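Thanks for coming. I have one structure to show today, and I will keep it short.

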Amino acid sequence: MGGFNLVPPVTGQDSTLYAVHTITGAKGQIDITFAGTYNLVSTFQGSGTWVITGGTGPYEGVHGEGTWSADASMFPYIRHTEVGTLSR
């Protein structure tokens, strides 16, 4: 589905997260880039922004952006929520 880079924190700071996800369906793909921070020391909470960077098939020309939040306190289960807008 994608990959991510998690930059280890400088002491006392959150970790920086950068991820690229490709969602593939029967008729095409959507590419989404995520950026933000995670506290991997005490709260295991994260937040940031997302943007649609491309699409194929029926998703070509789709635009979108918004914010995300996540809770990794029950790792390996991570609750990830996105809010935003989509347009063509």
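I will go through some strand pairing, then a pocket, then two single residues. Keep in mind that this is a predicted model.

Start with strand E3, which covers residues 29–38. On one side, E3 pairs with E2 in the antiparallel sense, over 10 bridges. The two form a hairpin, and four residues sit between them. E3 also pairs with E4, again antiparallel, over nine bridges. That second hairpin has six residues between its strands, and Phe 44 there takes a positive phi near 55°.

Ile 32 is a convenient place to see both pairings. His 21 has Ile 32 as its bridge partner in E3. Going the other way, the bridge partner of Ile 32 in E4 is Ile 52.

Now the pocket. I mean the second largest one, with a volume of about 170 Å³. It is lined by 12 residues, and the closest to its centre are Ile 23, Ile 30, Ile 32, Trp 50 and Ile 52. So Ile 32 and Ile 52, the bridge partners from a moment ago, both turn up in that central group.

Which strands supply the lining of this pocket? At least two residues each come from E2, spanning 15–24, from E3, from E4, spanning 45–55, and from E6, spanning 77–87. E3 gives the most, with three residues. By type, the lining divides into 10 nonpolar residues, one polar and one charged.

Next, Thr 33, which also lies in E3. Is Thr 33 buried or exposed? Its relative accessibility is 15%, and the cut-off for buried is under 20%, so Thr 33 counts as buried. Leaving aside neighbours within four places in sequence, Thr 33 has contacts with Tyr 18, Ala 19 and Val 20, and also with Thr 49, Trp 50, Val 51 and Thr 53. As a general point, side chains in a regular strand alternate between the two faces of the sheet.

The last residue is Val 83, in strand E6. Val 83 counts as exposed, because its relative accessibility is 54% and the cut-off is over 50%. Not counting residues up to four places away in sequence, Val 83 touches Trp 50, Glu 65, Gly 66 and Thr 67. Trp 50 is also among the contacts of Thr 33. Val 83 and Thr 49 are 34 residues apart in sequence, with their C-alpha atoms 9.3 Å apart in space.

That is what I have. I can go back to the pocket or the strands if anyone wants another look.

Key:
Residues numbered from 1 in each chain as written. Predicted model: local features only at pLDDT ≥ 70, side-chain atom pairs only at ≥ 80, totals over all residues. Heavy atoms only, no water. Buried < 20%, exposed > 50% of the residue type's maximum accessible area, 1.4 Å probe, protein only. Contact = heavy atoms within 4.5 Å. 1 Å grid on protein atoms, 1.4 Å probe; cavity = no way out; pocket = protein on both sides within 12 Å on 5 of 7 lines; lining within 4 Å. Points joined across faces, edges and corners; volume = space filled by probe spheres on them. Nonpolar A, V, L, I, M, F, W, Y, C, P; charged D, E, K, R; others polar. Pairing = 2+ DSSP bridges.
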